[in-house]
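Got the model open in your viewer? Set it to cartoon, keep the selection box handy, and follow along.

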Amino acid sequence: MIQQPDIYNALADNALSDYFRHAGDVLAEESVVLGAAIRTVIISGEHINNKNIMLALIRRLESTEDIVQADIIRKTLEIVVGHTMDDI
């Protein structure tokens with residue numbers, strides 16, 4: 001199992017971090033993609049929130065030519081979107 005506890009601690013959304021923590025090997029590849037997206041947000045100096053993570057994932061999805069990697073990024077994006085509350 002790939003664990004990225006420092007990355008999960010960076011997430012303000014406990015539901016999202018708990019989801020990935022408890023998924024185990026089922027979401028190992030998505031966990032790596034999420035970690036990369038969070039690192040991208042950190043490096044860019046942006047606040048770590050679901051919106052910025054989604055934007056990082058979309059940019060990565062738009063730039064990849066690998067079909068398998070695109071599916072993993074897309075699934076990761078769907079998970080993040082599913083754990084994002086609508087604006088009130």
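What follows is a walk from helix to helix, with side chains to select at each stop.

**Before you click**

This is a predicted model, in which local features need pLDDT of at least 70 and side-chain atom pairs count only at pLDDT 80 or more, while totals for chains, interfaces and linings use all residues. Numbering starts from 1 along each chain as its sequence is written, and side-chain values use heavy atoms, with hydrogens and water left out.

**Stop one: helix α2**

Select residues 14–23, which make up α2. Helices here are DSSP runs of H or I with at least four residues, numbered from the N terminus. Now colour L16, S17, F20 and A23: these are buried, where buried means under 20% relative accessible area, exposed over 50%, and partly exposed in between (1.4 Å probe, protein chains only). They sit on the same side of α2, because they cover an arc of only 135 degrees around the axis; that arc is taken from the directions from the helix axis to the C-beta atoms. Spin to the face turned away from the buried side and you will find the exposed residues N14 and H22. Just after α2, click G24, which takes a positive phi of about 65 degrees.

Stay on α2 and show R21 and D18 as sticks. They form a salt bridge, with the closest N and O atoms 3.8 Å apart; the rule asks for a side-chain nitrogen of Lys or Arg within 4 Å of a carboxyl oxygen of Asp or Glu. Both residues lie in α2, three residues apart, about one turn of the helix. R21 is partly exposed at 30% relative accessible area, and D18 is partly exposed too, at 34%.

**Stop two: the ring pair at F20**

How many aromatic pairs does the structure hold? Just one, and you get it by selecting Y19 and F20: the pair is edge-to-face, 6.0 Å centre to centre with 85 degrees between the planes. For the cut-offs, rings of Phe, Tyr and Trp (its six-membered ring) pair if their centres lie within 6.5 Å, and planes under 30 degrees apart count as stacked, over 60 as edge-to-face and the rest as tilted. Y19 is partly exposed, with a relative accessible area of 39%, whereas F20 is buried at 2%.

Next, expand the selection around F20. Not counting residues up to four places away in sequence, F20 touches Y8, L27, E30, S31, L34, T76 and I79, a contact being heavy atoms within 4.5 Å.

**Stop three: E30, from α3 to α5**

One of those neighbours, E30, is in helix α3. Is E30 buried or exposed? It counts as buried, because its relative accessibility is 6%. With the same sequence neighbours set aside, E30 touches F20, I72, K75 and T76.

Zoom in on K75, whose side chain meets that of E30 in a salt bridge (3.8 Å, N to O). K75 lies in α5 and E30 in α3, so the pair ties together parts that are 45 residues apart in sequence. K75 counts as partly exposed at 35%.

While you have α5 (67–82) in view, pick R74 and D71, a salt bridge at 3.0 Å, N to O. They are three residues apart in α5, about one helical turn. R74 is partly exposed at 36% and D71 at 42%. The count of salt bridges comes to three.

**Stop four: helix α4**

Select residues 50–63. The 14 residues of α4 should span 20 Å at 1.5 Å a residue, and the end C-alpha atoms are 20 Å apart, which agrees; the expected span is 1.5 Å times one less than the number of residues. N50, N52, I53, M54, A56 and L57 are buried in α4, and what covers the buried residues of this helix includes α2, α3 and α5.

Further along α4 is R60, partly exposed at 31%. Leaving aside neighbours within four places in sequence, R60 is in contact with V33, A36, Q69 and I73. Try a C-alpha distance from R60 to A70: 8.4 Å, for residues 10 apart along the chain.

**Last stop: the core**

Finally, show L11, F20, L34, I53, L57 and V80. Of the 21 residues in the largest nonpolar core, these touch the most other members. Such a core is a set of buried Ala, Val, Leu, Ile, Met, Phe, Trp, Tyr and Cys residues joined through side-chain atoms within 4.5 Å. Helices α2, α3, α4 and α5 each supply at least two residues of it.
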